Amino acid sequence: MEKKKIAVISPNITNLGGISRCVIVLIEHLNKKGIVPDYYGIHSDKEEIQRLFNRKIDYNFKRIFWPRKAVLYSSWMKNLQLAFKEYDYVFDFTNTLPISLNKGNYFSYILYPEFLTSRGKYSRGFWRFYYLPHQIASKLNRGLFKTLNINMACVSKKTSDLIYIYSGKRLPVLYPPANLNDFRNNVKKKRGVISVGGLTHEKNQEEQIEIAKHFPELPFSICGNSKRNPPYFKGLKEKSSNIKNVRLCPDLPFKELKEKLKHSEVFLNSG
């Protein structure tokens, strides 16, 4: 039996995050089936993946030009580079729709529907002009989205609700993989608050620091990927430098992060 030719698309899987974990688990299971997929992303570091997630995976790396300073538009580049490729199955973990459908099966896993609407910061000041071409394309894509015959799922009920509001189409929710037994209340909790998420405007850790000011008796651990937005992370360090109960914990290996989560009393999400 001929092995399936499979492509997996995601900007970056060498940073901790829900989507990275989804992609790594997918590739791991494909490897168990004897399939080595083509992975399309901005860079590849299998040793770093093993360090962070304690998982060894195999893939053929296909670099996509993904300009870091134009994040909103960058994932459209995948459409240009895959336009003439043929795969039996494509797993797409970006937030943009395919311009041309692959002849095989196509699965799109959506974190946020950037092809339908904008995030809050893009409606203010300079961002309004930066976002305008994308906004026009998004409105055109709403019609395309309703007619696309591809398999789609999203990462949360909130995203599913948002897509339904804008398009009238309800997508199923497929949560990122997690072993709940790792987080059962069978260990002694430490007094304090933890948050986990990319250190970016969208996750809004600045608000978490403001919350921490009102609870000086509680330690706050703010964990996440600092590489997605270095200027924002720099601002967080400056903002929290004089707040004794706030500790920034960037780029922790998954094993260490899991231990912190297991022993934390409260999980805070302000995204």
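1. A quick term first: two strands pair if DSSP finds at least two bridges between them. Helices and strands here are DSSP runs numbered from the N terminus, with at least four residues for a helix (H or I) and at least two for a strand (E). Keep in mind that this is a predicted model, where local features need pLDDT of at least 70, side-chain atom pairs count only at pLDDT 80 or more, and totals for chains, interfaces and linings use all residues. Residues are numbered from 1 along each chain as its sequence is written, and side-chain values use heavy atoms, with hydrogens and water left out.

2. The overall tally: the protein has nine helices and 10 strands. Of its 271 residues, 45% are buried, buried being under 20% relative accessible area, exposed over 50% and partly exposed in between (1.4 Å probe, protein chains only). Taking contact as heavy atoms within 4.5 Å, 66% of the contacts between residues at least 6 apart in sequence join residues at least 24 apart.

3. Now the six-stranded sheet. The sheet is open, its strand order is 3-2-1-4-5-6, and the pairing is parallel. Strand 3 (60-63) and strand 6 (151-154) are the edges; each has a single partner strand, so one side of each lacks a neighbour in the sheet. From one strand to the next the twist averages 15 degrees; the axes behind such angles are lines fitted to C-alpha atoms, for helices over the stretch in contact, and angles run from 0 to 180 degrees between N-to-C directions.

4. Going through some of the pairings in that sheet: strand 1 and strand 4 (residues 89-92) are joined in parallel by four bridges, and Val-8 has Phe-91 in strand 4 as its bridge partner. Strand 1 is also parallel to strand 2, over three bridges, with Ile-9 partnered by Tyr-40 in strand 2. Strand 2 in turn runs parallel to strand 3 through four bridges, and there Gly-41 has Arg-63 as its bridge partner.

5. Strand 2 (residues 38-41) is worth a look on its own. Asp-38 and Tyr-40 point one way, Tyr-39 and Gly-41 point the other way, and all are buried.

6. Helix 1 lies across strand 1, strand 4 and strand 5, at about 165 degrees to strand 1. Arg-21 belongs to helix 1 and is buried, with a relative accessible area of 16%. Beyond residues up to four places away in sequence, Arg-21 touches Phe-53, Arg-55, Pro-177 and Phe-254. I would check that side chain by eye.

7. On the cores: a nonpolar core is a set of buried Ala, Val, Leu, Ile, Met, Phe, Trp, Tyr and Cys residues joined through side-chain atoms within 4.5 Å. The largest one has 24 residues, and Val-8, Ile-13, Phe-93 and Tyr-109 have the most contacts inside it. At least two residues of this core come from each of strand 1 (6-9), helix 1 (18-32), helix 2 (46-53) and strand 5 (105-110). Helix 1 gives the largest share, seven residues. A second, separate core of 16 residues includes Tyr-40, Leu-97, Tyr-106 and Phe-145.

8. Phe-93 can be followed further. Neighbours within four places in sequence aside, its contacts include Val-8, Ile-9, Pro-11, Leu-26 and Tyr-109.

9. The other sheet is open too, with four strands in the order 9-8-7-10 and parallel pairing. Its edge strands, strand 9 (246-250) and strand 10 (264-267), each pair on one side only. Neighbouring strands are turned by 30 degrees against each other on average, direction ignored. Strand 7 (residues 190-196) runs parallel to strand 8 (residues 220-224) over four bridges, and Val-196 stands opposite Cys-223 in strand 8.

10. Helix 7 (residues 205-213) lies across strand 7, strand 8 and strand 9, at about 170 degrees to strand 8. Helix 7 also packs against helix 8 (residues 230-240) at an angle of about 10 degrees, the axes being 10 Å apart. That makes the two helices, helix 7 and helix 8, roughly parallel (angles under 35 degrees count as roughly parallel, over 145 as roughly antiparallel, 65 to 115 as roughly perpendicular and the rest as oblique). Gln-205, Glu-206, Ile-209 and Glu-210 in helix 7 meet Tyr-232, Leu-236, Lys-239 and Ser-240 in helix 8.

11. Last, Leu-268, in the segment after strand 10. Its C-alpha atom is 8.0 Å from that of Val-196, 72 residues away along the chain. Leaving out residues up to four places away in sequence, Leu-268 touches Val-193, Ile-194, Ser-195, Gln-208, Ile-211 and Phe-220.
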